[in-house]
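Me: I would like to go through this structure by question and answer. Please keep the replies short.

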Amino acid sequence: MIGILNKAVAWMLACTVLAVGGPASARGLPTGPAAATTTAQPAPATVSQTWQMLDYLATDYAGAVHDGHVVSASEYAEMREFAATVRQRLAQLPTRPASPALQAQAGQLVQLIDARAATADVARQAHALADALLAAYPVPTAPAHLPDLARGAALYQQTCAACHGATGRGNGPAAATLDPPPIDFTDRTRADQRSVLSLYEAISHGVNGTAMAGYADQLSVDDRWSLAYYVGSLAYAHRAGEGVHAWEDNALAHQRLGNLEELSRARVADLAPALGEQQARAILGYLRAYPHALPQARSGLALAREKLAASLAAWRQGDHAEAQRLALSAYLDGVEPVEAQLDAHDGALRAQLETAMGAYRTAVANGRADAEAREQAADTLLQRAQATLAGGSADAASAFLGAWTILVREGLEALLVVVALLAFLRKAERPAMLRYVHAGWGLALLAGLATWAVANYAVAISGAGRELTEGLSSLFAAAVLLCVGLWMHRKSVGGRWQAYLKAKMAATLDRSAWFLFGLAFISVYREVFETILFYVAMWNEGPRGWLLGGIGTGALTLAAIAWLLLRTSRRLPLGKFFSASSALIALLAVVLTGKGIAALQEAGWIGVHVAPLPRIELLGIYPTWQSIAAQSLVALVLAIGYALNLRRIPQKD
C-alpha cells in the first residue's frame with residue numbers, strides 16, 4: 001500500500017508549483033501538430049496561449065473571409081489551423097465538468113470557419129469559447145496593481161514605436177520592411193474586438209508568423225500590463241474626455257466594469273449591445289487611460305452586493321449563464337478577500353454568509369424558483385457583515401482571540417498527521433527516518449511563505465485559485481489518509497503488527513522515506529498558505545501587538561498538544577498504538593473530505609444544497625448535503641475496510 005502511495009509524492013510537490021503558477025514565458029504562438037502534442041507544458045501557459053489563439057482568430061478572421069468568399073488564402077489556412085489546434089489543445093487539458101461543452105464549442109468554431117461563415121458569427125463563437133475556457137481553467141487575467149500609464153507610454157516609445165509608430169498608427173521607421181505590416185493600434189474597428197488582456201498576451205508571448213516577439217523575458221508582469229493598457233487606449237484617446245461623463249452617469253457600465261479583471265477583459269464589441277457603440281468606446285477609452293477611476297470603494301462586501309444584485313437581474317432576464325458568473329464573482333471577488341476580517345469579528349456570520357451565497361449559486365444554476373429568496377437572504381447577511389466590519393478595527397481581545405483561534409484551528413489537522421508519523425517511527429525504532437518527516441513539515445512552512453510572497457507580488461492568485469488549491473489538496477490528503485488508516489488498522493488486529501514489524505518494517509520504511517516526507521509536506525502546506533492569508537488580512541485591523549501575541553500563544557498551544565500526544569503515545573502498547581493511530585487518521589480523512597468539498601463549493605465547482613445540520617469546522621462538518629454525502633461515503637469505506645480486516649484470518653503479509 002505504502003509503495004503505491006509513494007508514487008503520488010511527485011504530484012503533491014507539483015501542487016506547490018501550480019498554486020503559484022501563472023502564464024509562463026514563451027516566445028511566439030505555437031500552432032500545428034507540434035503544439036497539439038506538447039503535453040509537458042504547464043496548464044496555466046497552455047490555457048493562456050490557447051486563449052490568445054482564440055482571441056487572435058476572432059480579430060483576424062475578417063482579413064481571411066468576406067461575405068462567404070476567401071479574400072486571403074494564406075490567412076484562411078491559418079484560421080483553419082488555429083481552430084484545429086485549439087480543439088486539439090482543449091482535448092489535452094485536464095478533465096473538468098465543462099470539458100465536453102468546450103469540445104462541442106470548439107467543434108462548432110471549426111465548422112463555422114470551414115463553412116466560411118460571417119465574421120460576426122466566428123468572432124462571437126471564438127470569444128464565447130475563450131470566456132468558457134477561462135471559466136473552466138482560471139488563470140490570472142488582470143494586473144495585481146493599478147497599471148502605470150506613464151510607464152506604459154515610456155515603454156511604448158522604447159520598444160514599440162520603431163514598428164508601430166510614435167502614435168500607434170503602424171507607420172514606424174521599420175514598418176516598410178515588415179511583412180505582414182505592423183498593426184495600426186488606432187484602427188477602431190480592429191480595436192473594438194480586442195481587450196487589454198489580448199494585448200497583454202501578445203506582448204508576453206508574441207504573435208506567430210509576424211515580427212512581433214514576446215517580451216516576457218525582457219519586461220516584468222507589471223510593465224507588460226502598463227504597456228498593454230497604454231496601447232489599448234490609443235484607439236479611443238480622442239474620446240477619453242467624453243468618457244468621463246459617460247462613465248459617471250451610466251449605472252449599467254458600473255455593473256459591467258466593476259474591477260480591474262472586468263476592465264482588462266472588456267471589449268467594445270461585447271459592451272456595445274448594452275451600452276451603445278459610442279458610449280462603449282468613450283467609457284473604455286476613459287477607463288483604459290485612467291484605470292484609477294474605477295471606484296476603489298466598490299470592493300469587498302459592497303462589490304459583492306452589487307454583483308449579487310446584477311446576478312439576480314440577469315437571472316430574471318433569462319440569462320442564467322451570466323447570472324451564475326456574477327454570483328460566483330460576488331463571492332470570490334467580494335466576500336473571499338475580506339473573510340479573514342469578518343472571521344475575526346464574527347465567525348458565525350461569516351459561516352452563514354458562505355452557505356447562503358453557495359445556496360444562491362446552486363439555485364441559479366438549477367433554475368430553481370427560490371433563487372430570489374436565496375438572493376435576498378444572502379444580501380441580508382451581506383448587509384449585516386458590512387455593519388459588522390464598519391464598526392471599526394478589532395479591539396485587543398478580538399485580535400488576540402482571532403489570531404489564536406485561526407492558528408489552532410488551521411494547524412490542528414496538520415499537527416495530528418505529523419505527530420502520528422513521528423510517534424509511529426519512534427514505536428518502530430526507526431529514529432533515522434524522523435528527519436524525512438521534519439524536512440517535510442519544515443519545507444512546507446517555507447513553501448507556504450514563498451507561495452504567499454509570489455502570489456502577492458508576482459502572480460496575484462485569484463480567489464478561485466486559492467479555493468481550488470485548498471480543496472484539491474484536502475481531498476488528496478484525505479485519500480492518502482484513508483489508505484493509511486485502513487492499512488494501520490489491518491496491522492493492529494490479530495497480532496499482525498508484530499509479524500509486520502519483525503519481517504518487513506525496516507525494508508518498507510527505507511523504501512517509504514519520500515512518502516513520509518510527502519505526506520508531512522502536503523498535510524502542513526495546505527494549511528500554511530490559508531493561515532498566512534488570514535493573518536495578512538488581519539494585520540491592518542490592529543492592534544498588531546495583540547495579534548502577534550495571539551499567534552505566539554497559538555504556536556505554544558500547538559506545541560503543548562504535540563508534546564502531550566507524543567508523550568502519551570510512548571506509553572501505549574504497540575498494538576493499542578496502531579489501533580488508536582488508525583482511528584485518528586481515519587477521522588482526519590473524514591474531516592479533510594468535508595473541508596475539501598466545502599472549498600470546491602466556494603470555488604463554484606460543486607453546487608450547494610443546504611442541509612439542516614450544524615456547522616462544525618473543526619470536524620469538517622458543513623451544512624450541505626454534498627459535503628455530508630462525501631463524508632458519509634468515506635466513513636462507509638472505512639467501516640467496510642475495518643469489518644473486512646476483523647474477519648480475515650491473520651496471515652503473514
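Me: At what angle do helix α8 and helix α12 pack?

Reply: This is a predicted model. Two packed helices are described by an axis angle and an axis distance. For α8 (residues 149-159) and α12 (residues 221-233), the axes are 7 Å apart, and the angle is about 85°.

Me: Is α8 roughly parallel or roughly perpendicular to α12?

Reply: The angle between α8 and α12 is about 85°. Angles of 65 to 115 degrees count as roughly perpendicular. Therefore α8 is roughly perpendicular to α12.

Me: Which residues in α12 are met by residues in α8?

Reply: The α8 side of the contact consists of Leu149, Arg151, Gly152, Ala153, Leu155, Tyr156 and Thr159. In α12 they meet Asp223, Ser226, Leu227, Tyr229, Tyr230 and Val231.

Me: Is leucine 633 buried or exposed?

Reply: Leucine 633 lies in helix α31, which spans residues 625-647. Its relative accessible area is 54%. Exposed means over 50%, so leucine 633 is exposed.

Me: What is the area of the nonpolar surface patch that includes Leu633?

Reply: Leu633 forms this patch together with Leu636, Val637, Ile640 and Leu644. The area of the nonpolar patch is about 430 Å².

Me: What share of the exposed area of the protein do carbon and sulfur atoms supply?

Reply: The protein has 653 residues, of which 53% count as buried. It exposes about 27,600 Å². The share supplied by carbon and sulfur atoms is 61%.

Notes: Residues numbered from 1 in each chain as written. Predicted model: local features only at pLDDT ≥ 70, side-chain atom pairs only at ≥ 80, totals over all residues. Heavy atoms only, no water. Patch = residues over 30% accessible without salt bridge, like charges linked within 9 Å, V, L, I, M, F, W, Y side chains within 5 Å. Areas by Shrake-Rupley, 256 points an atom, 1.4 Å probe, with all protein chains shown as cover. Salt bridge = Lys/Arg side-chain N within 4 Å of Asp/Glu carboxyl O. Helix = DSSP H or I, 4+ residues; strand = E, 2+ residues; numbered from the N terminus. Buried < 20%, exposed > 50% of the residue type's maximum accessible area, 1.4 Å probe, protein only. Axes fitted to C-alpha atoms, helices over the stretch in contact; angles between N-to-C directions. Parallel < 35°, antiparallel > 145°, perpendicular 65-115°, else oblique. Contact = heavy atoms within 4.5 Å.
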